[in-house]
Amino acid sequence: MQINSNNINNTSFGSIYKYDVTGKNQDEAGFVSSELWEKANEDYNGVQIFNDFPSFSEIQRTGVFEKVHVSADDKYDNFIESLLIQNNINFTKVTHEEALDHDNIYNRLTLSEHAQMYGKELVSLDTAKIDELFARDEAYISPNGESGTISDRYQGVIDYLQTGRNINATEAVIHEQNGKLQFTVLDGRHRFAVMRDMGMQKVKIALDKDSYLIAKQNGLICE
């Protein structure tokens, strides 16, 4: 199964910048004034960029210092990089294609705070085998999100994956019901469905110890 290409944002992205603003004040954290943005829009023919990062007040409250800029073309890409360098802000740079690479997405899957709280662990599972079990569940999301989705959550996952940021792994339990093996998603069924439809052969799932043992006994784990 392959995800419908129409769902992918086909803007000709430059790169995704992830940078640390620890210890910076509000101006330094933003580093680009409204006047500069206006000038940049004039210089680069009104090109729009997408920003996905917390406000400065959120940074102070949560201690989350990562910001993400996604530039819409190579010229604007160079503009953002030059501003980061001028402001002595350390950054990493990921291309749009790299952000959607299967291995890149796989490596960005992390345990949510909720999953950590309940002692769950990330387990690499065979996507196709898990999907067969998931299809038995009433909450199943069919290929390309054609049924079983809630509002725009399916597309929202695709959009989020394109930012290059870490993403909480799907939480699930594997158990038996009426003599049949079941895969029940507790959180993140849209995430799983999108990664399945992208053609990822393995995904990390947050499982408790009992679910892990059942997965191992039934050959669901990718070593």
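This briefing covers a four-stranded sheet, the helices beside it and two residues in its strands. The model is predicted: local features need pLDDT of at least 70, side-chain atom pairs count only at pLDDT 80 or more, and totals for chains, interfaces and linings use all residues. Residues are numbered from 1 along each chain as its sequence is written, and side-chain values use heavy atoms, with hydrogens and water left out. Helices (H or I, at least four residues) and strands (E, at least two) are DSSP runs, numbered from the N terminus.

**The sheet**

- The sheet is open, has four strands in the order 6-10-8-9, and its pairing is mixed; two strands pair if DSSP finds at least two bridges between them.
- Strand 6 (121-126) and strand 9 are at the edges with a single partner strand each, so one side of each has no neighbour in the sheet.
- From one strand to the next, the twist averages 50°.
- Strand 6 and strand 10 (residues 202-207) run antiparallel and are joined by six bridges; in this pair Ser124 stands opposite Lys204 of strand 10.
- Strand 8 (residues 170-177) pairs with strand 9 (residues 180-187) in the antiparallel sense, over seven bridges, and Val173 stands opposite Thr184 in strand 9.
- A hairpin is formed by strand 8 and strand 9, with two residues between them. Asn178 in the turn has a positive phi of about 55°.
- Helix 11 (residues 209-217) lies across strands 6, 8, 9 and 10, and runs at about 65° to strand 8.

**Helix 9 against helix 10**

- Helix 9 (residues 153-161) packs on helix 10 (residues 189-197) at an angle of about 65°, and their axes are 9 Å apart. Axes are lines fitted to C-alpha atoms, for helices over the stretch in contact, and angles run from 0 to 180 degrees between N-to-C directions.
- Helix 9 is therefore roughly perpendicular to helix 10 (angles under 35 degrees count as roughly parallel, over 145 as roughly antiparallel, 65 to 115 as roughly perpendicular and the rest as oblique).
- The crossing of helix 9 past helix 10 is right-handed, that is, the near helix is turned clockwise from the far one by less than a right angle.
- Helix 9 contributes Arg153, Tyr154, Val157, Ile158 and Leu161 to the contact, and helix 10 contributes His190, Arg191, Ala193, Val194, Met195 and Asp197 (contact means heavy atoms within 4.5 Å).

**Surroundings of helix 10**

- Nine of the nine residues of helix 10 are buried, so the helix is largely enclosed by the rest of the structure. Buried means under 20% relative accessible area, exposed over 50%, and partly exposed in between (1.4 Å probe, protein chains only).
- The buried residues of helix 10 include Arg189, Phe192 and Arg196.
- Gly199, just after helix 10, takes a positive phi of about 95°.

**Two strand residues**

- Leu122 belongs to strand 6 and counts as partly exposed at 32% relative accessibility.
- Leu122 and Ala206 are 84 residues apart in sequence, yet 4.6 Å apart in space, C-alpha to C-alpha.
- With residues up to four places away in sequence not counted, Leu122 touches Leu109, Thr110, Leu111, Ala169, Lys204, Ile205 and Ala206.
- Lys202 lies in strand 10 and, at 33% relative accessibility, counts as partly exposed.
- Outside its neighbours within four places in sequence, Lys202 is in contact with Tyr106, Ser124, Leu125, Thr127 and Cys222.
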